[in-house]
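This briefing concerns aromatic side chains and the contacts that their rings make. Please keep the sequence and the structure at hand while reading.

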Amino acid sequence: MSNNQKTNSASAFPEHGPLDENGREILLSVKNIDITFGKGDSAVKAVKNASFDIYKGETFSLVGESGSGKTTIGRAVIRVNPLSAGEIDYKGVRISGKIPKSLDREVIRNVQMVFQDPAASLNERATVDYIISEGLTNFHLYENEAERVAKVENMIQQVGLLPEHLTRYPHEFSGGQRQRIGIARAMVMEPELVVADEPISALDVSIRAQVLNLLKRFQKEKDVTYLFIAHDLSVVRFISDRIGVIYKGNIVEVAESEELFNFPLHPYTHSLLSAIPIPDPKLEKNKKLYIYDPDMHDYSEDKPEFVNIGHNHWVWGNKKEIEEYKAIREKNVPVQSISIIDPDKKDENGNAQKATELRAEDIKLPPLHDTGSIWLTILSFFLFIPGIIAAVLFKKHNYIRNYKACKLGVKIFLILLAIVVFIYIFGFIMIHF
């Protein structure tokens, strides 16, 4: 009988999880799990032999392209997707497979999920008050109605909404507001672990930073641990303590955030980094994408393993590849993962030559307030000289959207000014001649 089929005898979680060799508390441990959908010839193995630990108080990000198995693992953690092999431990207690009802309730209480689609994950027929209160009611986490109301109102205010919003329905809110409601629903339970499944992918760029800052604030104030699922490495770069990269169900690389960006070793990680957008339009236009080809690996005889090559950096590869990865890491020279092509320089075959290489660490993401607001265009039109000065300053400090907005306002002003001057001169000529 496999581990996930055995009945867990524990009925409650200990106060603290086990410690690793460095004294860090392991809150969640994913051990060699397989997740399969379907049976027989139609069976699809969505996750293959995946393993990683999540430490108390950290943000562990799971990154990969669509269909790689990220959400499948996240749903397995909250016991929605069953395992076909391996096990998942929470504070050293197995929570996968058959477990006592009391332990199952503890998992629901301590592990919450924020879903990718804020519209589909909320009950459209329920008020916001009911949605946020449902968990409190199911687990009797208040002594009286006054305490319930106080908890819900306090939480709705913490996520940036107002108590009067509690009587409304989800369809009356924007996407960013609905995601805040989803976060409030999870956080009101005071969980220890939150599985955030691409919580910002459906939101506008200007709202994403607000939601990420909200999640980080909760982590700081409530000591929450996150399993953050995303497909964009540039998003998780600044919020993650450690990052795991997954490709078609296989965890191919796990390292601390700065380590991964400075030393991306697996070719698939290299391809994800090369896809990070560069704010500079000229560099982005001439950037060469690195396309990962799984056929580049020869695993016919030398089978791959998940190996720690040092610096708490784990990589999936066979013996030959692991030795190559170790050699690259031991040089301690940051890996250049982004190639910029110079279209004016050609080789003997007429192909554009490589002009320079960048590290993903060197890419400066657009500033938070670089929104390109239409008000900048309007102000630059009516205040011509300040508009020119603002455009110059915005361009200098990499506020590209704001620079273009100011430039447009100045351009429209100059066009209209030229038309007025032309009409004036033409009228003057017609009158005097």
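In this predicted model, tyrosine 268 has a relative accessible area of 2% and is therefore buried, the cut-off for that label being under 20%. Tyrosine 247, at 11% relative accessibility, falls under the same 20% limit and so counts as buried too.

**Aromatic pairs of tyrosine 247**

- A search of the whole structure finds 11 aromatic pairs, and one of them joins tyrosine 247 to tyrosine 268 in a tilted arrangement, with 4.6 Å from centre to centre and 50 degrees between the planes.
- Because tyrosine 247 belongs to strand S9 (residues 242-247) and tyrosine 268 to helix H9 (residues 267-274), this pair ties together parts that lie 21 residues apart in sequence.
- Tyrosine 247 also forms an aromatic pair with tyrosine 292, which is edge-to-face, at 5.0 Å centre to centre and with 90 degrees between the planes.
- That second pair links distant parts of the chain, since tyrosine 247 is in strand S9 whereas tyrosine 292, 45 residues apart from it, is in the loop between strand S11 (287-288) and strand S12 (305-308).
- Both partners of the edge-to-face pair, tyrosine 247 and tyrosine 292, are buried.

**A phenylalanine cluster**

- Phe381, Phe382, Phe384 and Phe413 are linked into a cluster by ring pairs.

**Arginine charges over rings**

- Arginine 329 places its charged end over the ring of phenylalanine 263, at 3.8 Å from the ring centre.
- Arginine 237 has its charged end over the ring of phenylalanine 261, at 5.5 Å from the centre of that ring.

Methods. Residues numbered from 1 in each chain as written. Predicted model: local features only at pLDDT ≥ 70, side-chain atom pairs only at ≥ 80, totals over all residues. Heavy atoms only, no water. Phe/Tyr/Trp six-rings, centres within 6.5 Å; stacked < 30°, edge-to-face > 60°. Helix = DSSP H or I, 4+ residues; strand = E, 2+ residues; numbered from the N terminus. Buried < 20%, exposed > 50% of the residue type's maximum accessible area, 1.4 Å probe, protein only. Lys NZ or Arg CZ within 6 Å of the ring centre and 35° of its normal.
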